[in-house]
Number of protein chains: 2
Amino acid sequence: MVEIYDTTLRDGTQREGISLTVEEKLKVAVLLDELGVHYIEGGWPGALPKDTEFFARAEKELDLENATLVAFGSTRRADTDAASDPQLQALLEANTDVICIVAKSWDYHVTEALRTSLDEGVAMVTDTVTFLRNEGKRVFVDAEHYFDGYKQSPEYALRVVRAASEAGAERVILCDTNGGGLPSEISTAVAATKAAVPNADLGIHTHNDSGCAVANTLAGVRAGVVQVQGCVNGYGERTGNADLCTVVPDLVLKLGVEAIPKERLTRLTTISHLIADLVNITIDPHHPYVGTSAFAHKAGLHTSALARRRDAYEHISPAEVGNTTRMVVSEMAGRSTVLGKAREQGLDLDDETAAAILATVKDLEARGYQIEAADGTFELIVRRATGWEQPFFELESYRVFTERRADGQVVAEATIKVHVKGERVVATAEGDGPVNALDRALRQALASTFPDVELLRLTDYRVRVLDPAAGTAAVTRVLLEMSDGKQAWGTIGVHENIIEASWEAVADGVVIGLLRLI
Amino acid sequence: MVEIYDTTLRDGTQREGISLTVEEKLKVAVLLDELGVHYIEGGWPGALPKDTEFFARAEKELDLENATLVAFGSTRRADTDAASDPQLQALLEANTDVICIVAKSWDYHVTEALRTSLDEGVAMVTDTVTFLRNEGKRVFVDAEHYFDGYKQSPEYALRVVRAASEAGAERVILCDTNGGGLPSEISTAVAATKAAVPNADLGIHTHNDSGCAVANTLAGVRAGVVQVQGCVNGYGERTGNADLCTVVPDLVLKLGVEAIPKERLTRLTTISHLIADLVNITIDPHHPYVGTSAFAHKAGLHTSALARRRDAYEHISPAEVGNTTRMVVSEMAGRSTVLGKAREQGLDLDDETAAAILATVKDLEARGYQIEAADGTFELIVRRATGWEQPFFELESYRVFTERRADGQVVAEATIKVHVKGERVVATAEGDGPVNALDRALRQALASTFPDVELLRLTDYRVRVLDPAAGTAAVTRVLLEMSDGKQAWGTIGVHENIIEASWEAVADGVVIGLLRLI
């Protein structure tokens, strides 16, 4: 049994370009819990106001099934008292059962960065752990720069591990903070540490600067650690942290280590992609296990042999991680997934309709749609496959403009022409931007017939360009979320023109809203 | 001493999205030679007409300093004669000194894919090697699916290695073709093979399906192989081949293995990026060693310590691989980060100016800007703080519209009014979307005064809504990347209106472009 400790929300957000709102952090936490990780490090309360707010809201709003939330912080400062350290107070106020503190374990850092004595370096660890234990907390200690420290000064590195453990730290996590380690060194150092401090339960935390973060983590497990730290999709500073989307299937499917139940692992690809959407970074198609090309076979040489004997060409069955073999065009879920999802939405389908839906989904995904992230759009696909047509409105045309005037004022205005219950309605609205103007114009056109449309709210809006090599001329994907105040649904639009892609998602969102409200 | 065998031009091109012309393949070969690899696998003559042409032209046009060109092919077919095999004839006609042939070493593949007997499987290897040796060629044998084969049927796998070696193969390369291996298994299998066939000189060829291609290659070297196969930037089918841009510095700088001279390694980052340009795939900024973020430091936390003791925070000196330390400016940054970053850009600042810049950055970040992701915008902030104003153009107004007509056609058009060197210019352009139209209109307005503006290209465009709770009425952040074909820079725009936010980023991007070009 190895514990999975996710630090996407703390170390992962150190990656350039990632900046999550509190709302988004909460959504990531829910997905991590669904995946089945044991610990979710939520942030550094006190150091970042956003993280303080995250823990406050998490306590009220999150109902985690599997995971324990962890607040991250540092040891007390040099030559101060733990009890009066405001940072440690903020940590306690996050009100988590578990607190993880980072401690310097490379003597060079103690003398050169902290500029204090080695004895004081150890005292900082002992005092902090003791203080938090006395406050009733479970304590983990991240031994920062452990492997560099162990290489240059093993006595000091081991002193820190011993001090943490003896003060009551439940786990001491050996960190390859600069990420330069190789598996052979990691193996040796972990085994030696385990032998020197047999009472400590160790963990491993690696970065990918030598391209070996995953292998280093596996080396740690083979050498006896009980906890693995990493980030979804390998996010993290510089070259990233150990990628849990690779480490976990390696552990579970290859090394036979108990870490996350196999049935949860089948959600891995979906959760990896949903989190990629939240951080708004395109996932590398060549990502092991979860990439769209991870089980893609270029046609030619072995296509027919592959059809006969798939296990001769694939290192695992892709279904085990929720991914699929892909031959030429993108394939998504099987028919049973479609049936299951439709049933989830209260729709019963025959086999033929399910097959038609599957074909539509495949076609849309090949064009850049991501139906999994848009339950509203999927519901409409299912309804349309049964011959249904939305009865609320029919678009004739729209026109949206944005103007920046000579005085610097920016205005957006949309005019829409729609047919509502046989009547032609023309409506014009201004907005903060073109999509907001278009959304308002549509509601305005519908309001006299369907007054409830005023209850609908756009609650999220995300844009991604799908072929960045073509710049703004590439295809644009818009994901949006709408709510009627009680429930929320997602829709998606894809088009060269961002306004048309947005229109498609807004129109579908409003249709779902009217279905819910009427 | 370990030989580096590059297969970017053969296995690397199996990656989805890579398709090189003969001209481009020749350019890649020149770059690989400059890097100092020992062997360049150029392709499969006979199987692909383009590869046949490559070898014909390479013989006439390439004057390689370090590398030996290798033609790749297969063993003879089952139940045929090597001398009359047209594929082997085409291989000979490529006229290389070295030929590498692929041979099945997993019994399951012999019986299930080739559908022949195991004895015939071995005879195919022996006959082909013997034939090519008699033709005066040096022969390498890629033992395909070796590690899966060794796991399930070690006797047959070893028989193939022995047969190849005894027939005169100079190298037998053990291939993890399905890419599912882990370092511990690779170590064991290589060591056992070396013990069982002590006269064979072994190589290793891995894929990244378990996220361990690099570590598996290193495990092979530690177990005694003399040749490493891989691809630049880890290109290759599915999750890619072992990444030579990571393996080589790991070997040379960390394991002290002689592979490529250290002075050539300083060209690694440049060559990696030049080849990425040739295959037209944006290189992952988080790529180990060669990525633009591989030595990027965020967090105000350790910035001042970093300036003092760089070796405490970097696993190697980035100059050893031709990369550089990069300070990432963000709200957490301190004054030393700003000064360091400005110095990187060749700008010397006094303390007061640095403080003013820091205040500007913090203010912008509080409004939703993310300066760390936009080096171009930061450069303009720094320049403006010194009193500079961009001399290229002044906006009077713009107007952009998108229309969806009754026939379903979607059109976008932008009109811009700017003052360029004292002259008022009005330009109108259509585009695939509103931002594309606006970008085109600006370039058109500038083109007669600054013809080089045509060289600029938008290479990435990302949009994020910052307060999703407000839906499309929230603030929109646009990040874009622009390139002049040689270098790239990022700019950022934030506004309620997505068009205005995009305009801001486009305008700043063009200003930086003109600074670079003029």
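## A quick tour of chains A and B

Let's start inside chain B, where Leu244(B), Cys245(B), Thr246(B), Val247(B), Val248(B), Pro249(B), Asp250(B), Leu251(B) and Val252(B) are the buried residues of helix α10(B). Keep in mind that this is a predicted model. From that helix we'll hop over to a helix pair in chain A, then look at backbone angles and domains.

**Helix α10 of chain B**

- This helix covers residues 244–254, and nine of its eleven residues are buried, so you can call it mostly covered, because buried means under 20% relative accessible area.
- What do the buried residues of α10(B) pack against? Their partners in chain B are two strands, β1 (3–6) and β8 (227–230), along with the helices α9 (213–222), α11 (262–265) and α12 (268–279).
- Look at the start of α10(B): a side-chain oxygen of Asp243(B) comes within 2.9 Å of the backbone nitrogen of Cys245(B).
- Just past the other end of α10(B) sits Gly256(B), with a positive phi of about 65 degrees.

**Two helices side by side in chain A**

- Helix α5 (residues 118–134) and helix α7 (residues 154–166) of chain A pack with their axes 9 Å apart, at an angle of about 20 degrees.
- Why does that make α5(A) roughly parallel to α7(A)? Angles under 35 degrees count as roughly parallel, so this pair fits the label.
- As for handedness, α5(A) and α7(A) make a right-handed crossing.
- On the α5(A) side, the residues that meet α7(A) are Leu118(A), Asp119(A), Gly121(A), Val122(A), Val125(A), Thr126(A) and Val129(A).
- On the α7(A) side, they meet Tyr156(A), Arg159(A), Val160(A), Ala163(A) and Ala164(A).

**Unusual backbone angles**

- Here's the background: most residues other than glycine have a negative phi.
- Arg238(A) isn't a glycine, yet its phi is positive, near 55 degrees. You'll find Arg238(A) in the loop between β8 (227–230) and α10 (244–254) of chain A.
- Is Arg238(A) buried or exposed? Its relative accessibility is 7%, so Arg238(A) counts as buried.
- Over in chain B, Tyr289(B) isn't a glycine either, and its positive phi is about 65 degrees. Tyr289(B) lies in the loop between α12 and β9 (296–297) of chain B.
- Tyr289(B) has 0% relative accessibility, so it counts as buried.

**Domains of chain A**

- Chain A is split into domain 1 (3–260), domain 2 (296–382) and domain 3 (394–517).
- How many Å separate the centres of domain 1 and domain 2 of chain A? Taken over C-alpha atoms, those centres are 38 Å apart.

Methods. Residues are numbered from 1 along each chain as its sequence is written. Chains are lettered from A and ligands numbered from 1 in the order in which they are written. This is a predicted model: local features need pLDDT of at least 70, side-chain atom pairs count only at pLDDT 80 or more; totals for chains, interfaces and linings use all residues. Side-chain values use heavy atoms; hydrogens and water are left out. Buried means under 20% relative accessible area, exposed over 50%, partly exposed in between (1.4 Å probe, protein chains only). Helices (H or I, at least four residues) and strands (E, at least two) are DSSP runs, numbered from the N terminus. Contact means heavy atoms within 4.5 Å. A polar contact is a pair of N or O atoms within 3.5 Å; within protein, one must be able to donate a hydrogen and the other to accept it, and residues adjacent in sequence count only if both atoms are side-chain atoms. Domain bounds come from an automatic or database domain assignment. Axes are lines fitted to C-alpha atoms, for helices over the stretch in contact, and angles run from 0 to 180 degrees between N-to-C directions. Angles under 35 degrees count as roughly parallel, over 145 as roughly antiparallel, 65 to 115 as roughly perpendicular and the rest as oblique. A crossing is left-handed if the near helix is turned anticlockwise from the far one by less than a right angle, and right-handed if clockwise.
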